[in-house]
Amino acid sequence: MEQCPCGSGLAYAECCEPVIKGARPAETAEALMRSRYSAYVKVETDYIFETTHPKHREGYDHAGTKQWAESAEWQGLEIVSTKDGGKDDTVGEVEFIARFSEKGKSMVHHERAQFKKEKEGWLFTDGHAAGERQQPIISNKIGRNEPCPCGSGQKYKKCCGK
């Protein structure tokens with residue numbers, strides 16, 4: 001059973017894959033955010049484009065997005081907070097941190113993403129860099145079964161210790 005890259009703890013086949021493949025819609029803004037992260041990990045870049053609101057697609061770089069998705073080593077997604085974006089809402093905001101490395105250098109993408117629900121479902125509209133957040137110092141002496149110091153609530157081995 002392959003774990004879903006979004007960090008939900010569910011199997012990919014039960015979590016983000018059916019959303020990415022169009023078998024079911026993302027029910028919330030957070031679910032769409034998680035599926036978009038998983039789409040980067042799985043290099044499903046057409047899905048990234050299709051779940052971007054049509055009014056916000058201008059300048060989308062298909063080749064560059066695919067190249068970045070392929071070259072990055074994806075290390076995890078942390079949902080920091082959500083504002084609205086539920087099943088009965090029409091707008092929502094998801095603050096998230098995506099961790100990845102490029103050319104051996106660890107990177108953190110911290111964003112507040114905006115979403116809008118239309119008849120075709122939830123769509124990404126815009127994102128803005130979130131405020132600086134103190135990143136924890138990870139010691140080499142953290143036990144695999146101890147809580148992850150990033151604050152995710154998961155065990156270290158299931159989060160930053162992967």
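The paragraphs below walk through a predicted model of one protein chain, from its overall layout to single residues and a pocket.

The chain contains four helices and four strands. Followed along the sequence, these elements come in the pattern α-α-α-α-β-β-β-β. Of the 162 residues in the chain, 37% are buried. The accessible surface amounts to about 9,700 Å², and carbon and sulfur atoms hold 48% of that area. Among contacts with a separation of 6 or more, 40% join residues that lie 24 or more positions apart.

Confidence should be read alongside the coordinates. The average pLDDT of the chain is 88, and 81% of the residues reach at least 70. Residues 133–139 have a pLDDT below 50, although in the model this stretch makes 13 contacts beyond near neighbours in sequence.

A walk along the chain can start at Glu27, which sits in the loop between α1 (17–20) and α2. Glu27 has a relative accessible area of 45%, so it counts as partly exposed, a class that lies between 20% and 50%. Leaving aside residues up to four places away in sequence, Glu27 touches Gly86, Lys87 and Trp122. The C-alpha atoms of Glu27 and Gly85 are 8.9 Å apart, while the two residues are 58 residues apart in sequence.

Tyr37 comes next, in helix α2. Is Tyr37 buried or exposed? Tyr37 is buried, because its relative accessible area is 3% and the limit for that class is under 20%. Its contacts, not counting residues up to four places away in sequence, are Pro5, Cys6, Trp74, Gln75, Gly76, Leu77, Ala98 and Arg99. One of these partners, Trp74, is 37 residues from Tyr37 along the chain, with 9.1 Å between the two C-alpha atoms.

Pro54 belongs to the loop between α3 (45–50) and α4 (62–71). Pro54 is partly exposed because its relative accessibility is 48%, which falls short of the 50% that an exposed residue must exceed. In sequence, Pro54 and Leu123 are 69 residues apart; in space, their C-alpha atoms are 8.8 Å apart.

Two residues deserve a look for their backbone angles. Most residues other than glycine have a negative phi. Asp84, in strand β1 (residues 73–84), has a positive phi near 60°. Lys103 is not a glycine either, and its phi is positive at about 50°. Lys103 lies in the loop between β2 and β3. With a relative accessible area of 89%, Lys103 is exposed, because that class begins over 50%.

The last stop is the second largest pocket, with a volume of about 290 Å³. Which residues lie nearest its centre? They are Arg36, Tyr40, Phe96, His109 and Glu111, out of 16 residues that line the second largest pocket. The elements that each contribute two or more residues to this lining are α2 (29–41), β2 (91–102), β3 (105–118) and β4 (121–129). By class, the lining comprises ten nonpolar, three polar and three charged residues. Helix α2 thus appears twice in this account: it holds the buried Tyr37, and it gives residues to the lining of the second largest pocket.

Methods
Residues are numbered from 1 along each chain as its sequence is written. This is a predicted model: local features need pLDDT of at least 70, side-chain atom pairs count only at pLDDT 80 or more; totals for chains, interfaces and linings use all residues. Side-chain values use heavy atoms; hydrogens and water are left out. On a 1 Å grid over the protein atoms alone, a cavity is a set of points where a 1.4 Å probe fits but cannot get out, and a pocket is an open set with protein on both sides within 12 Å along at least five of seven lines; lining residues have an atom within 4 Å of a point. Grid points are joined across faces, edges and corners, and a volume is the space filled by probe spheres set on the points. Ala, Val, Leu, Ile, Met, Phe, Trp, Tyr, Cys and Pro count as nonpolar, Asp, Glu, Lys and Arg as charged, and the others, Gly among them, as polar. Buried means under 20% relative accessible area, exposed over 50%, partly exposed in between (1.4 Å probe, protein chains only). Contact means heavy atoms within 4.5 Å. Accessible areas come from the Shrake-Rupley method with a 1.4 Å probe; for residues, only the protein chains shown count as cover. pLDDT is the predictor's confidence in each residue, from 0 to 100.
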